[in-house]
Amino acid sequence: MTDASTAGLGFATRQLHAGIELDGAHRPRATPIYLTAGFVFDDFDQGHARFAGTDDGFSYTRVGNPTNAATERRIADLEGGIDALLVGSGQAAVVTTVLALVAAGDHIVSASSIYEGSRELLRDDLARLGVTTTFVAEQNDAAAWEAAIRPETKALFAESIPNPKNEVLDIATIAGVAHRHGLPLIVDNTLGTPYLVRPIEHGADIVVHSASKFLAGHGTVLGGVVVDGGTFAWDAAPDRFPQLAVERGLDGRTVVERAGRAAFLEHARHIALRFGPVPSPLNAFLILQGIETLSLRVQRQSATALRIARWLEEQPGVATVDYSGLDSSPYRDLAGRYLPDGQGSVFAVTLEGGIEAARTFTDALRLFTRMTHLGDVRSLVLHPATTTHVQREREELAAAGIGPGLLRLSIGLEEPDDLIADLDRALAAVEAADILTRAGIA
């Protein structure tokens, strides 16, 4: 079975079979790990052909590898894209995507509520290279996105489910803004996963993932992926993307003329080839293994997260719970539209009592692991204000709704009753410490 034969099959079937090519003398059922730096050329002319691009065989793992390629095909299939590029981390996926689109003097418009590493990349690192970013405070305010776009804007960037607060992006609305201005929409779908939401179906043009999270699932490897929807007309305004639609290669053709719908992905591969964020084939294999159980894990994790969020919302000492599956969430209607099969498993709970309550609560947990990661089979807890968002000023944290008592939970595959008991024990520890009374809250 090859990827072509999975058309029309269900998600769970495709996560097992898409992208597989049962080739070779031994015909292994599982994709082998091609742990090699390079590949042998049959003769002088084949070596030339592979470097010239007239032979699509493999030459060097930094350029391509059969294990990595199988993983790319499967993720592209699940996201509804035409092709994908596997890189060394989620951050590498974002960097590769942006660098494929911009040059010095260009501009990006981004939602403010995104992964802090992506935000710092756009705000600080790319700014040093002459690429500026405007951040939109309310990610679903179409007018704010419209107002932020400039003549030099090259793309819009947002996340399907930002962390830590489990907001939901109105993908179709923001895609409409982007397309009215002839711009692509890039959506980071790490927390959404292709099981819960496929942004390309709602108008996104490029999807990125930290494959280290839900796709791999077990907290053992790093990886990132860029998926090309193949829907954006890069040559509609050639001067906006000259690297794709104007500049010609040695063959006399532009990237669009050479690759058609896959022009962006071909150019992104060139960027990755030059910058070198290549993933190990071993990591690609483990990501591929993780994808085989993606729907089972995400379905279970989302159901448990909803149960826990509902329980936490009723507990004394809990100020707020930010989860779009709750009836109280301002994102409930959008969740019903975009996330009918589950609202994900990463959300925020804010404790009364501020940082002291958060510290006591966190240290009292026994099942929840204290670490910075998401999408693990194990449940995790983190205090964003003193870890991932520690570089933000107090005013910035307040504007983002990240208070001193906010904790990020990533729900795993443990028994829900055991997780609730662990959380209950931690809340009891906060109560026993009399933090609210000492803070003048109770």
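N166 is buried, with a relative accessible area of 1%, and the residue has a positive phi of about 55 degrees although it is not a glycine. The model is predicted, and the points below cover its backbone exceptions, two of its helices, its salt bridges and a nonpolar surface patch. A search of the whole structure finds 24 salt bridges.

**Backbone exceptions in loops and at a helix start**

- N166 is located in the loop that runs between strand 4 and helix 7 (171–180).
- P164 lies in the loop between strand 4 and helix 7 as well, and the peptide bond leading from N163 to P164 is cis, with omega near 15 degrees.
- T193 is a further non-glycine residue with a positive phi, here near 60 degrees.
- T193 belongs to helix 8, which covers residues 193–196.
- With a relative accessibility of 1%, T193 counts as buried, because buried means under 20% relative accessible area.

**Helix 5 (residues 116–128)**

- The 13 residues of helix 5 reach 18 Å from the first C-alpha to the last, close to the 18 Å expected at 1.5 Å a residue.
- A bend of about 35 degrees occurs in helix 5 at L122, and L122 is one of the buried residues of this helix.
- The other buried residues of helix 5 are E116, G117, S118, R119, L121 and L126.
- Cover for the buried residues of helix 5 includes helix 4 (90–99) and helix 16 (394–399), together with strand 2 (107–111), strand 3 (132–136) and strand 4 (153–159).
- G130 follows helix 5 and has a positive phi, near 90 degrees.

**A buried salt bridge within helix 5**

- E116 and R119 form a salt bridge through their side chains, at 3.8 Å from N to O.
- Both E116 and R119 are buried.
- E116 and R119 are three residues apart in helix 5, and therefore about one helical turn separates them.
- An α-helix has 3.6 residues a turn, so residues three or four places apart point the same way.

**Partly exposed salt bridges and a shared network**

- R253 and D251 are joined by a side-chain salt bridge of 3.1 Å, N to O.
- R253 counts as partly exposed at 36% relative accessibility, and D251 is also partly exposed, with a relative accessible area of 38%.
- R258 and E266 form a salt bridge in which the closest N and O atoms are 3.3 Å apart.
- E266 is partly exposed at 32% relative accessibility, and R258 is partly exposed with a relative accessible area of 29%.
- Elsewhere, E116, R119, R392 and E396 are connected into one network by salt bridges that share partners.

**Helix 11 (residues 263–275)**

- Helix 11 has 13 residues and spans 19 Å from its first C-alpha to its last, close to the 18 Å expected at 1.5 Å a residue.
- The buried residues in helix 11 are A263, F264, L265, H267, A268, I271, A272 and L273.
- These buried residues pack against helix 4, helix 9 (242–245) and helix 10 (255–259), and also against strand 1 (83–87), strand 6 (206–210) and strand 7 (224–228).
- Just after helix 11, G276 adopts a positive phi of about 80 degrees.

**Nonpolar surface patch**

- I33, L35, L282 and L286 make up a nonpolar patch on the surface, and together they have about 340 Å² of accessible area.
- Within this patch, L35 is placed in the loop between helix 1 (11–17) and helix 2 (44–52).
- L35 has a relative accessible area of 62% and is exposed, because exposed means over 50%.

**E352 and its separation from L406**

- E352 is placed in the loop between strand 9 (346–351) and helix 15 (354–364).
- The relative accessible area of E352 is 30%, and this residue is partly exposed.
- E352 and L406 are 54 residues apart along the chain, and their C-alpha atoms are separated by 9.0 Å.

Note on methods: Residues are numbered from 1 along each chain as its sequence is written. This is a predicted model: local features need pLDDT of at least 70, side-chain atom pairs count only at pLDDT 80 or more; totals for chains, interfaces and linings use all residues. Side-chain values use heavy atoms; hydrogens and water are left out. Patches are made of residues with over 30% relative accessible area and no salt bridge: like charges are joined within 9 Å, nonpolar side chains (Val, Leu, Ile, Met, Phe, Trp, Tyr) within 5 Å. Accessible areas come from the Shrake-Rupley method with a 1.4 Å probe; for residues, only the protein chains shown count as cover. A salt bridge is a side-chain nitrogen of Lys or Arg within 4 Å of a carboxyl oxygen of Asp or Glu. Helices (H or I, at least four residues) and strands (E, at least two) are DSSP runs, numbered from the N terminus. Buried means under 20% relative accessible area, exposed over 50%, partly exposed in between (1.4 Å probe, protein chains only). The expected span of a helix is 1.5 Å times one less than its number of residues. The bend at a residue is the angle between axes fitted to the seven residues ending there and the seven starting there. Contact means heavy atoms within 4.5 Å.
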